[in-house]
Amino acid sequence: MPRSLMKSNRFGLLLRLLLLSNPAVTLHAAPLYAVGVLAHDRGPFSDRHEDGVDLNVEIQFVPLSIIPYSVRPHLGTTLNFNGDTSAAYGGLSWRLYDTPRGFLDGIVSLAVHDGPLSKDKQGCKTRSDCGFGVRMLPRLGMEIGYRITSGRSMGLFYDHMSHKWVIGGENEGIDHIGLRYRQAF
C-alpha cells in the first residue's frame, strides 16, 4: 500500500475514533425550528447593494440515519420586507462540532430567489451592481450556537448565496448575517 494512502487511512481512523469516543458529540434526534433576524446583504462577501432586516424561518428535520455526524435535511425562507431579494431554500445541515453548551453547523443547500436576474451592464462592470444571473443559486453557510437548555439555543448565523465559479454570467451574490433562536419540538 502506498505510504500516502496509509497516512490518510490512519488519519481517518483517528478522526473517527475521536468523534465516536467523545462524550460531548451527541446526535439530537428531535426535529427543530429556527427563527431569526438577519442583516440583508451584509457579510464578508457582500457588496451591499441591497438593504434591510430579514426574517428567517427554518425547519430542520430528524437527522438522516444513513449518514453519520447528525446530518439534517432543512427547508426555510429568508424574507426581505424592503422590496429586495427574498429566498426559499432546502438542503442539509451538518453538525461539525458539538459540546454540552454549544455547537457548530455547516450548511449546504439550493435557494430559489425573487431578485433580478440581470441589471445594467455598465453598472455591473463599474460598481459590481449585477443581477443574480439564474433563479436557483447554491447556498452555503454556518451557525455557531449556544445551548440555553437541551432543546433551545441561540446562534450566530451566516449564509451566502452565489453561483461564482459554477455558472457563467452575472453573479450578484448575497450574504445574510444575524441571530437565530432554535427550539426542538
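In the predicted model, residue L38 has D54 in strand β2 as its bridge partner. This pair belongs to the contact between strand β1, which covers residues 32-40, and strand β2, which covers residues 53-60; the two strands run antiparallel and are joined by eight bridges. In general, the strands of a sheet pair through backbone hydrogen bonds, in either a parallel or an antiparallel manner.

The pairing of β1 with β2 forms part of a wider arrangement, in which eight strands close into a barrel, following the order β1-β2-β3-β4-β5-β6-β7-β8 with antiparallel pairing. Within this sheet, neighbouring strands are turned against each other by 25° on average, when the direction of the strands is ignored.

Two residues other than glycine adopt a positive phi, and each of them lies in a loop. The loop between β1 and β2 contains D41, whose phi is near 60°, a positive value in a residue that is not glycine. With a relative accessibility of 1%, D41 counts as buried, because the limit for that class is under 20%.

The second case is S128, located in the loop that lies between helix α2, comprising residues 121-127, and strand β6, comprising residues 136-147. Although S128 is not a glycine, its phi is positive, at about 55°. The relative accessible area of S128 is 38%, and this residue is therefore classed as partly exposed, since the value falls between the 20% limit for buried and the 50% limit for exposed residues.

Conventions:
Residues are numbered from 1 along each chain as its sequence is written. This is a predicted model: local features need pLDDT of at least 70, side-chain atom pairs count only at pLDDT 80 or more; totals for chains, interfaces and linings use all residues. Side-chain values use heavy atoms; hydrogens and water are left out. Two strands pair if DSSP finds at least two bridges between them. Helices (H or I, at least four residues) and strands (E, at least two) are DSSP runs, numbered from the N terminus. Axes are lines fitted to C-alpha atoms, for helices over the stretch in contact, and angles run from 0 to 180 degrees between N-to-C directions. Buried means under 20% relative accessible area, exposed over 50%, partly exposed in between (1.4 Å probe, protein chains only).
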